[in-house]
Amino acid sequence: MKILIIANDYFNDSNGLCISTQRFIKLFKEKGHEVRVVTNNRRGISEYPLEVYKVPIFHGIIEKEGYTFAKTDEKIITEAVKWCDIVHLEDPFPVCRFASKLAVKYHKPCTATFHLYPENMTYSAGIKWMHIDSIIMAYFRSSFKRATLIQCPTELVKERLLKYHFKNELVTVSNGINLESIQQQRLEKPEKYNNKFIILCTGRYSNEKNQKDLIKAYALSKHKDDIHIILAGKGPLEAKLKKLATKLNVDIEFSFYHQDELKTIRGYADLFIHCAKVEVEGMACMEAFASGCVPIIAKNKLSSTSIYGLSDNNIYISKNVKELAFKIDYWYENKTKLEEYRNKYIELGKKLLINSSANKMLSHFDRIIRDYSLKEKK
């Protein structure tokens with residue numbers, strides 16, 4: 001198959017949507033398919049490069065979040081759509097919306113992946129206008145209306161799209177875990193940590209990632225003097241989070257790490273705390289527990305990640321920092337149980353490998369291309 005991927009910021013190496021897309025494309029190519037990408041030229045040059053689009057008013061906020069949009073170019077996108085057998089949309093923004101219109105014009109089937117909720121943007125930007133999330137979801141629905149099929153990473157995502165009256169075929173296919181990103185063997189902790197209990201938390205420093213839960217819980221822990229926390233990421237709230245850590249007198253390591261560095265840290269960290277208030281699936285958490293890093297996951301109506309909680313001690317109610325502190329202490333005090341759950345989570349991770357997800361999506365692509373071709377002949 002000749003598969004065309006439309007993604008605003010494909011080469012971004014710190015955004016989960018983009019990283020997931022890169023991994024699927026790598027597997028599609030390894031399985032013998034031709035794949036080309038339409039994206040902006042900020043971080044790399046694809047087969048069909050577009051200029052960066054600076055969104056009026058919101059450009060500064062978007063830049064702080066580490067994301068960039070692409071400017072619609074009819075000539076380039078038309079050339080791309082004419083080349084392919086199927087168009088696949090990775091986001092609901094204008095370039096993808098325009099590509100879906102061209103797919104209809106040139107009689108090419110179109111599919112999509114649902115990667116983000118409106119709240120991923122509104123929470124981060126601090127926008128609290130009444131009904132704004134419903135308005136944005138209606139825009140997403142309109143952007144994807146020409147897609148025959150939408151990949152939903154979890155059943156909870158599928159349920160939400162049904163609630164908002166998406167009329168597409170909705171299929172649940174996990175974004176999956178990249179085998180190469182998993183640390184297969186537990187590693188020795190670096191000497192600088194003096195054999196402390198290591199807690200890892202990753203993600204953009206932003207409202208929806210809610211790292212302040214962990215900072216507050218750390219201050220309440222009975223064992224905080226024997227615990228070291230690595231808050232891996234970057235983002236607009238870095239100064240505020242550091243100020244909170246100073247106020248509560250807790251020692252937290254703030255730093256951005258690339259994927260290979262995170263892989264090493266996951267290999268020796270004891271716990272992974274997933275605090276996000278909004279999460280479509282939670283790839284970083286999945287990769288952590290697949291490496292034997294036992295998770296404690298925030299339970300929230302806008303986050304699917306808590307579906308991976310294997311016990312009550314792997315979940316806490318979002319914003320309940322006393323409960324989070326209690327569960328951190330539980331795992332610190334129960335090392336035998338921690339080792340038992342390391343193994344359970346490694347086994348769960350083996351069931352979530354991206355290779356299986358890629359095969360499922362390729363099967364859907366093949367079916368849709370064949371069905372579309374038969375429909376066109378009629």
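Reader: In which helix is K240 found, and does it count as buried or exposed?

Author: K240 is found in helix α9, in what is a predicted model. The general idea is that a residue counts as exposed when its relative accessible area is over 50%. K240 counts as exposed because its relative accessibility is 61%.

Reader: Which residues gather with K240 in a patch of positive charge on the surface?

Author: The general idea is that a patch joins like charges within 9 Å, taking residues that have no salt bridge. In this structure, K240 gathers on the surface with K128, K212, K216, K243, K247 and K319, and together these form a patch of positive charge. Two elements, α8 (212-220) and α9 (238-247), each give two or more residues to the positive patch, and the largest share, three residues, comes from α9.

Reader: Turning to paired charges, how many salt bridges does a search of the whole structure find, and how should I read one?

Author: A salt bridge is read from a distance, namely a side-chain nitrogen of Lys or Arg lying within 4 Å of a carboxyl oxygen of Asp or Glu. By that reading, a search of the whole structure finds 20 salt bridges. One of them joins the side chains of E30 and K26, with a distance of 2.7 Å from N to O.

Reader: Where do E30 and K26 lie, and are they buried or exposed?

Author: Both E30 and K26 lie in helix α1 (residues 16-30), where they are four residues apart, about one turn of the helix. E30 counts as exposed because its relative accessibility is 52%, whereas K26, at 39%, counts as partly exposed.

Reader: Which salt bridges can I look for in helix α13?

Author: One is formed by E340 with K344, whose closest N and O atoms are 3.3 Å apart; both residues lie in helix α13 (residues 335-350), four residues apart, which is about one turn of the helix. E340 is partly exposed, with a relative accessible area of 33%, and K344 is likewise partly exposed, with a relative accessible area of 36%. Another is the salt bridge in which the side chains of E347 and K350 meet, at 3.1 Å from N to O. Because E347 and K350 are three residues apart in helix α13, about one helical turn separates them. E347 is partly exposed, its relative accessible area being 42%.

Reader: Which residues do salt bridges that share partners join into one network?

Author: The residues joined into one network by salt bridges that share partners are K189, D270, E339 and R342.

Technical notes. Residues numbered from 1 in each chain as written. Predicted model: local features only at pLDDT ≥ 70, side-chain atom pairs only at ≥ 80, totals over all residues. Heavy atoms only, no water. Buried < 20%, exposed > 50% of the residue type's maximum accessible area, 1.4 Å probe, protein only. Patch = residues over 30% accessible without salt bridge, like charges linked within 9 Å, V, L, I, M, F, W, Y side chains within 5 Å. Areas by Shrake-Rupley, 256 points an atom, 1.4 Å probe, with all protein chains shown as cover. Lys, Arg positive; Asp, Glu negative; His and termini not counted. Charge placed at Lys NZ, Arg CZ, Asp CG, Glu CD.
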